[in-house]
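Biologist: I have the sequence and the coordinates open and would like to go through them with you. May we begin with the cysteines?

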Amino acid sequence: MKAKSITKFVIACLLTAIVAYVAAYGLNLGFIDKFIPASFDNDFGIKKGFDLAGGSVIVFEPEVEDLGAVSEEDISAAVAALRLRLDSNGLNEALVSEQVSDNQKRLRVEIPAVTDPNEAIEYLGATASLSFKDPDGKEVLNGSHVEEAIPTSTQDGKIVVQLKFSGEGQSLFSEATARLVGQQLSIYIDNNLISSPKVNEAINSDTCIIEGDFDSESAKLLANQITSGTLPFALKPISQNSVGAQLGDDALNRSLMAGGIGLILVMLFMVIMYRMCGLIADIALIGYVSIVALILNGFDIQLTLPGIAGIILTIGTAVDANVVIFERIKEEIKTGKTLRASVDSGFNRAFTAIIDANITTIIAAVVLWYFGTGTIIGFAKTLFIGTIVSMFTAIIVTKFLLRQLVGFGIKNPKLYSA
């Protein structure tokens, strides 16, 4: 029994060390770098937000004849449309702000990690007006009648964009297809002909598909533009710049050093207060940090200052869960129970409190993730991920390592209770 416990304990510690190594330095094994990258590698590591890595700054102005006719409501609608387009393209950390005064009405967009502003101008400034026209060039319905656009594929594997109409849109589409049987119904995006299918029969459906020379990326881009809605006016870029990191490498390194010092102090505190239990908690905490780093890498989550705050907050949550567990174990030891029974009972008694506390945090993170925008989403993501991982390391990893340590033969209660 003791040999099995020793083996399990050693294997668990080695796995934790391997995970930590992979997260911190990565493996130099070619294609594996793309899946298990170094956390701070510039090419494949954790993506940094605008405040840590810089990016592109683009200032737009309404392309209208009379700038004075543009209302505050129009500007707000444009901000919302740009925000939605950025989120739809995975740029959740980008910032959109108004620059409005008596003689100017502009929109400022800050996009992290995009060093070429021209990449973003194309889909941010486009109005993406959708129009269905008959052979005479008469519009029969437009983008205002479309509720949803999603990229999908047909049974033969052809990539298309599927549209879902509103009630009025379905009625107009049905009338148009009934009138144009045997003729073509042309579909235009920004006055560019996308598809011109022949109408074989009247279609009384709330969906249709746009066919064209699409690949997965172009179909996704088109669907995102249509879903984001038509801007109240065309936007013209009046300035575009690529900027460096606001904090710079030196400031980032100092922040990481400060966080590392704080982590070491917490780990020392856990060992002093809870002895062997604290040592196991420290091993689990290293595993926690490593797993979070790997998840950030794997899901391409941009790390910003609010995101770092979310990680630090969940480190505190992980330590707090261990404190609750160890206090319960100390109480069980004082009642005279065996060490193994005290460990099992301590975890069982702390389980409900840990779950309840973390569930409320997870709910808050989900709400922020769903309703938030910009850097709020970054904070919500790291808070959600960190909370889930902290529960796993506190309840599963710590318990497993403690049980193996007891099985290893270290059973002096004084080593587990100060």
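Modeller: Certainly. This is a predicted model, and a search of the whole structure finds 0 disulfides.

Biologist: Is C208 buried or exposed? And what about C277, buried or exposed?

Modeller: C208 has a relative accessibility of 11%, under the 20% cut-off, so C208 counts as buried. C277 is also buried, at 1% relative accessibility.

Biologist: How confident is the prediction across the chain?

Modeller: The mean pLDDT of the protein chain is 76, and 75% of the residues reach 70 or more.

Biologist: Which elements have the lowest and the highest mean pLDDT?

Modeller: Helix α1, residues 2–25, has the lowest mean, at 53, and α5 has the highest, at 90. In addition, pLDDT stays under 50 over residues 23–38. The model has 32 contacts beyond four places in sequence for that stretch.

Biologist: Let us take α5, then. How many residues does α5 have, and what span does it reach?

Modeller: Helix α5 covers residues 167–179, which is 13 residues. From first C-alpha to last it reaches 19 Å, close to the 18 Å expected at 1.5 Å a residue.

Biologist: Which residues of α5 are buried?

Modeller: The buried residues are G169, F173, S174, A176 and T177. Seen down the axis of α5, they fall within an arc of 165 degrees, so they line one face of the helix. On the other side, G167 and E168 are exposed.

Biologist: Why would residues three or four places apart point the same way?

Modeller: An α-helix has 3.6 residues a turn, so residues at that spacing point the same way.

Biologist: What covers the buried residues of α5?

Modeller: The cover includes four strands: β4 (130–133), β5 (139–142), β7 (159–165) and β10 (207–210).

Biologist: Staying in that helix, what is S174 in contact with, leaving aside its neighbours within four places in sequence?

Modeller: S174 is in contact with I203 and N204. S174 lies in α5 and is buried, with a relative accessible area of 17%.

Biologist: A change of topic: what is there to note about the phi of R275?

Modeller: The phi of R275 is near 55 degrees, a positive value in a residue other than glycine. Most residues other than glycine have a negative phi. R275 lies in helix α7, residues 248–298, and counts as partly exposed at 36% relative accessibility.

Biologist: And W369, where is its place?

Modeller: W369 is in helix α9, residues 339–371. W369 is partly exposed, with a relative accessible area of 33%.

Biologist: Which residues is W369 in contact with, leaving aside its neighbours within four places in sequence?

Modeller: They are I377, A380, K381 and F384. As for T382, W369 is 13 residues away in sequence and 10.0 Å away in space, C-alpha to C-alpha.

Biologist: Where is the kink in α10 centred?

Modeller: The kink is centred on T393 and is about 30 degrees. Helix α10 runs over residues 375–407, with 33 residues. Helix α10 reaches 46 Å from its first C-alpha to its last, close to the 48 Å expected at 1.5 Å a residue.

Biologist: Finally, the chain as a whole: how many helices and strands are there?

Modeller: There are 10 helices and 11 strands. Of the 418 residues, 42% count as buried. Among contacts between residues at least 6 apart in sequence, 70% join residues at least 24 apart.

Note on methods
Residues are numbered from 1 along each chain as its sequence is written. This is a predicted model: local features need pLDDT of at least 70, side-chain atom pairs count only at pLDDT 80 or more; totals for chains, interfaces and linings use all residues. Side-chain values use heavy atoms; hydrogens and water are left out. Helices (H or I, at least four residues) and strands (E, at least two) are DSSP runs, numbered from the N terminus. The expected span of a helix is 1.5 Å times one less than its number of residues. Buried means under 20% relative accessible area, exposed over 50%, partly exposed in between (1.4 Å probe, protein chains only). The arc is that of the directions from the helix axis to the C-beta atoms. Contact means heavy atoms within 4.5 Å. The bend at a residue is the angle between axes fitted to the seven residues ending there and the seven starting there. pLDDT is the predictor's confidence in each residue, from 0 to 100. A disulfide is a pair of cysteine sulfur atoms within 2.5 Å.
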